[in-house]
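Welcome! Please take a look at the structure below before reading on.

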Amino acid sequence: MAMNPKEKIIIIDDEEVVLDSCSQILQGRNYDVFTAQDGATGLKLVEELKPDLVFIDLKMPGIPGLEVLEKIHVQDDTVVTIVITGYATIDSAVEAMKNGAYDFLPKPFTPDEFRLITKRGLERRKLVVEALTLRREKELLRENFAAIVSHELKSPLGAIQQNLFAMTGELAGKLSENQNARLERMKIRIDDLIKLINSWLRVYSVDISKVKENFAPIQVPDLVTKAIENVEPHAVRKDIKLITHFAGQLPTIEGDEMSLIEALVNIIGNAVKYSFPGSQVTIESTEKDGMVEIDISDKGVGIPEDELQNVLSDFYRGRSNKSDENSHGIGLTISRKIIEAHNGVIQVTSKANVGTIFTIRIPVPQGAGEK
Amino acid sequence: MTVQKKLLIIDDDPDFVEGIKSILDGAGYDVDVAYNPKSGLQALQSKFYDLLLLDIMMGRGAEGIMIARKLRKDSKLREMPVLIITGIREQMAFLFPGEPVHPRFVAVDELVEKPVEPKMLLEKVSTLIETAEARKTKSD
């Protein structure tokens, strides 16, 4: 086992006899005990030594104990503090606990009581530090997630895919139809994986609210048209018609075009995915109460009522999706986040086997009403 | 075919390089490879290349960017087109805040994401070389 640094304990009390006896009680254990006879000296020690545990007598000349306690916690909130109450009144103990003390020790106390409370205080300190370390690690992991995932997962997949791409050309004419089909299938599967990783990256590591920095005027019909261009190939394959309606002259909105297109592509793509072949998806844009509203409605399988509330929450995946459709519900989550970053809202209404309507509302900037 | 074009790939992932090199070989290019930034720079200084294919994330971080920055400062090499190949297009905006789409490292460059479809790869490569040559003839 690695050698643990000695735990540091500071005792602040104006009575020398208390300081002496406490130091003596803790002697011989793996502690470094320091003492101070008044608040000012105690605070200085705390600052210098960064202790694990501090005992503070509440009744001292000079800076009152409660103030010392408060100042310690302002300095470092992970220090565990225990107050020593000369007059064992509940009131002062409660007041101290409110100010961050972990526990209180009424005078007079026995050596065993003091040892026990010291042990508990240090255990508490260990937990506090552990929790803090874990939280920091979690933050660090989150921050580095993009780098870790992109390198550790995407790189090998990219290398595999690049070789499959190359081999497809090199093996042209040499493979049977079945072998060709399997090769294509492999490429599709890897492509799906890469896309999935990209989506996860989007949700975890990219702070979508940052799109606010790139806001520029956007024409809604442009937006819808560009999104549809993206989804069209899928729609054609499933023989689904994409129909757009624009109600009159729509006002200009403010936003980040790329991410709004992404949001629309996810939603329209989702509508196509869950539509029956030969049906249609309608994208209707109107202006209502200072908002631009875009409704995306399909005549698809619909979403059961009990699942509806989950659709836009993090990481929902349709229960009824067919096995040949790979769906990662993450797309809708991303859409929601993008729209919220535009101060907009997204809602969904649906009836099983009738269809689903996604409604996006984005506020029209004030004064930018008429174009 | 006219004179065989010379390309250099700088990328530290040998498997990826194999995949991309064989596509370029197949299209009739003369392809050299450097597996780290240092030997990449040495190759660039000792030989003329029509195009550089540059990976951004190498070694301990974005070491490819250092190469790109060095190229930008070199009066001769800055005319060489660079195709940046990266696995981190999504994060580019956060590595280079405030830059549009992707940062222009050198006068003639483009950015594609790993893995690259052969058709797109070959299109970008030939377009970049043509554009660079057209610029050169113009300024001659």
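Here is a short briefing on some helices and one residue.

This is a predicted model, in which local features need pLDDT of at least 70, side-chain atom pairs count only at pLDDT 80 or more, and totals for chains, interfaces and linings use all residues. Residues are numbered from 1 along each chain as its sequence is written, while chains are lettered from A and ligands numbered from 1 in the order in which they are written.

**Helix H5 of chain B**
- Helix H5(B) covers residues 118-139, and its end C-alpha atoms lie 32 Å apart, which agrees with the 32 Å expected for 22 residues at 1.5 Å a residue (the span is 1.5 Å times one less than the number of residues).
- Its buried residues (20 or more other C-beta atoms within 10 Å of their own, with C-beta atoms placed from the backbone; exposed means 12 or fewer, partly exposed in between) are B:Pro118, B:Leu121, B:Val125 and B:Leu128.
- They cover an arc of only 115° around the axis, so they sit on the same side of H5(B).
- Exposed residues on the face turned away from that buried side include B:Lys119, B:Glu123 and B:Lys138.

**A residue of chain A**
- A:Ile117 belongs to helix H5 of chain A, residues 111-170.
- A:Ile117 has 19 other C-beta atoms within 10 Å, so it counts as partly exposed.
- Leaving out residues up to four places away in sequence, A:Ile117 touches A:Ile82, A:Asp103 and A:Leu105 (contact means C-beta atoms, placed from the backbone, within 7 Å).
- A:Phe104 is 13 residues from A:Ile117 in sequence, and their C-alpha atoms are 8.7 Å apart.

How values were computed
Helices (H or I, at least four residues) and strands (E, at least two) are DSSP runs, numbered from the N terminus. The arc is that of the directions from the helix axis to the C-beta atoms. Two residues are in contact if their C-beta atoms, placed from the backbone, lie within 7 Å.
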